[in-house]
Amino acid sequence: MGNIIIHPSDNVEVNLENGHKYARRDIKKGEAVIKYGFPVGEALCDIKKGEHVHSHNLRTALSARSEYTYAPVKTELKKSEPALISAYVRKNGKIGIRNDIWIIPTVGCINEAARKIAEKTGAIAFTHPYGCSQLGDDLTVTRKTLCGLIAHPNAGGVLVLGLGCENNNIKELKAVLGEYDSERVRFLNAQDCGDEITEGISLVNGLKELIKKDKRKEVPISQLTVGLKCGGSDGLSGITANPMVGRVTDRLISMGGACVLSEVPEMFGAEQLLLNRCETREVFDRAVKMINGFKDYFVSHNQPVSENPSPGNKEGGITTLEEKSLGCVQKGGTAVITDVLSYGDTVKKEGLSLLNGPGNDMVAVTNLTAAGCHLILFTTGRGTPLGAPVPTLKISTNTALAKKKSGWIDFDAQCGSDDGLFALIVDTANGKETKNELNAFRDIAIFKDGVTL
């Protein structure tokens with residue numbers, strides 16, 4: 001494989017075998033290094049044509065806070081007839097593409113009981129260490145995230161398992177949850193019964209009988225909500241997998257669907273491109289607040305906003321956060337940004353929504369699930385077995401990874417086509433299991449930023 005020039009104004013080119021950058025011409029010390037047509041940092045020293053450009057001679061140019069201007073650039077996607085998928089239509093009109101039974105503990109103290117009930121019944125337990133000794137916004141995020149999971153339409157039934165003395169007790173959780181289907185969502189406090197395992201098994205078995213009656217129905221794909229995520233990115237992420245996902249995102253949105261882009265720190269350096277796509281000034285203002293708020297979060301912990309990419313990213317050819325971000329945001333395609341969501345918010349609008357949250361893989365896929373995403377498109381250049389509670393399609397940036405980790409990877413973006421990926425999304429919505437489902441790899445992690453009592 002040779003080198004590729006991504007944008008005519010780039011002063012680096014990318015090797016298609018290792019994902020690393022090489023100078024197209026001489027670059028002077030302090031000069032911007034250009035990739036994707038945008039700066040990805042500045043040269044630490046003079047760089048000669050053909051030289052490797054990486055951490056030894058390139059540094060970030062990011063600052064702690066930025067001022068942004070609203071200069072809307074709206075791409076009007078041509079509306080197209082939605083494809084059809086087969087899904088479960090819930091009582092509230094929402095669709096689910098799975099009919100699992102989930103066990104959601106209110107607090108970490110009850111995790112082992114949840115696991116034992118799951119082992120005996122075939123339900124899926126989503127354990128976590130939180131739900132008690134939390135205060136303020138920190139506790140609110142935990143509650144809202146768990147409520148997003150409890151209300152998720154991919155779950156045909158849910159057992160909410162509490163302890164009884166936690167500050168995230170069932171009564172307080174219900175106040176955040178609001179209306180729910182009492183036939184499908186059951187609650188159990190362990191301190192209120194003699195044997196919580198036996199009682200929990202009985203409740204889950206009742207849910208299992210209930211969901212046997214559920215049948216899939218044909219619905220338009222416009223009712224599908226898709227999460228967008230990348231993890232273990234490499235130098236090819238912004239060339240193969242992420243742009244492909246972006247094109248498919250546009251296709252889904254053109255059919256009336258909804259897609260969600262998260263990982264706020266991996267917007268730093270590329271955020272103005274997103275901000276220019278905000279539908280209104282009000283959406284722009286909320287997006288700016290989200291981005292600068294996350295920068296303030298870094299600064300409040302005495303950390304630089306550019307403390308990224310990871311060691312694996314760097315080994316794969318990504319040098320600076322600007323470079324990572326310019327590749328990352330391509331998953332969002334070109335569609336107008338219609339909404340900005342906070343932790344625990346549920347997707348309300350068609351089009352592309354931005355969701356507050358970190359880039360951490362487990363936290364991000366949990367946020368996307370709690371926001372109502374039915375499935376997640378997860379691009380990766382290094383590979384990861386991680387799965388969300390919902391189907392998590394792993395899309396490799398390179399064929400070598402797809403072959404090496406065939407037990408993890410669902411789709412090879414280097415050899416595959418947009419049509420092939422779209423067809424796989426339809427098949428997955430219709431019930432085809434993803435590798436994370438086949439491997440039973442499903443986890444959650446809740447964002448924490450607060451005092452522990």
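A salt bridge is a side-chain nitrogen of Lys or Arg within 4 Å of a carboxyl oxygen of Asp or Glu. The legends below describe close-up views of a predicted model, in which 27 salt bridges are found.

**View 1. Asp181 and Lys91 form a salt bridge between two loops.** The side chains of these two residues, Asp181 and Lys91, come together with a nitrogen-to-oxygen distance of 3.4 Å. The pair connects distant parts of the chain, since Asp181 sits in the loop between helix H3 (170-177) and strand S13 (185-189), while Lys91 sits in the loop between strand S8 (84-89) and strand S9 (95-96), 90 residues apart. Asp181 is partly exposed, its relative accessible area being 21%, whereas Lys91 is exposed, with a value of 65%.

**View 2. Lys331 and Glu263 meet in a salt bridge, and both partners are buried.** The N to O distance between the side chains of Lys331 and Glu263 is 3.4 Å. Lys331 belongs to the loop between helix H9 (321-328) and strand S17 (337-341), and Glu263 to the loop between strand S16 (258-261) and helix H6 (271-275), so this salt bridge ties together parts that are 68 residues apart in sequence. Are these charged partners buried or exposed? Lys331 has a relative accessibility of 0% and therefore counts as buried, and Glu263, also at 0%, counts as buried too.

**View 3. Glu315 of helix H8 reaches Arg382 in a salt bridge.** Here the side chains of Glu315 and Arg382 meet at 3.4 Å, N to O. Because Glu315 lies in helix H8 (residues 311-315) and Arg382 in the loop between strand S19 (375-380) and strand S20 (392-396), the pair joins parts of the chain that are 67 residues apart in sequence. Glu315 is exposed, with a relative accessible area of 54%, and Arg382 is partly exposed, at 36%. Gly312 is also found in helix H8, and, once residues up to four places away in sequence are left aside, Gly312 touches Ser233 and Arg382. Gly312 counts as partly exposed, at 23% relative accessibility. Although Gly312 and Gly231 are 81 residues apart in sequence, their C-alpha atoms are 9.9 Å apart in space.

**View 4. Arg98, Asp100, Glu437 and Arg442 take part in a network of salt bridges.** When following this view, the student may locate each of the four residues, Arg98, Asp100, Glu437 and Arg442, and trace how salt bridges link them.

**View 5. Helix H2 is mostly covered by its surroundings.** Helix H2 (residues 136-150) contains 15 residues and spans 21 Å from its first C-alpha to its last, which is close to the 21 Å expected at 1.5 Å a residue. Of the 15 residues in H2, 11 are buried, and among them are Leu139, Val141, Leu146, Cys147 and Ile150. Which elements do the buried residues of H2 pack against? They pack against strand S10 (100-105), strand S12 (155-162), H3, S13 and helix H10 (361-370).

**View 6. Helices H2 and H3 cross roughly perpendicular to each other.** Two packed helices are described by the angle between their axes and the distance between the axes. For H2 and H3, the angle is about 70 degrees and the axes are 9 Å apart; because angles of 65 to 115 degrees count as roughly perpendicular, this is the description that applies to H2 and H3. In the contact, Arg143, Lys144, Leu146, Cys147 and Ile150 in H2 meet Glu172, Leu173, Val176 and Leu177 in H3. Sorted by class, this contact between H2 and H3 has six nonpolar residues, three charged residues and no polar ones.

**View 7. Helix H7 is followed by Asn302, a residue with a positive phi.** Helix H7 (residues 281-300) has 20 residues and reaches 28 Å from its first C-alpha to its last, close to the 28 Å expected at 1.5 Å a residue. The buried residues of H7 include Val283, Phe284, Ile291, Phe294 and Phe298, and what covers the buried residues of H7 includes H6, S17 and strand S18 (351-355). Asn302 lies in the loop between H7 and H8 and is exposed, with a relative accessible area of 69%.

**View 8. Ser133 has a positive phi although it is not a glycine.** Most residues other than glycine have a negative phi. In Ser133, however, phi is positive, at about 60 degrees. Ser133 is found in the loop between strand S11 (124-125) and H2, and it is partly exposed, with a relative accessible area of 24%.

Conventions: Residues numbered from 1 in each chain as written. Predicted model: local features only at pLDDT ≥ 70, side-chain atom pairs only at ≥ 80, totals over all residues. Heavy atoms only, no water. Helix = DSSP H or I, 4+ residues; strand = E, 2+ residues; numbered from the N terminus. Buried < 20%, exposed > 50% of the residue type's maximum accessible area, 1.4 Å probe, protein only. Expected span 1.5 Å × (residues − 1). Contact = heavy atoms within 4.5 Å. Axes fitted to C-alpha atoms, helices over the stretch in contact; angles between N-to-C directions. Parallel < 35°, antiparallel > 145°, perpendicular 65-115°, else oblique. Nonpolar A, V, L, I, M, F, W, Y, C, P; charged D, E, K, R; others polar.
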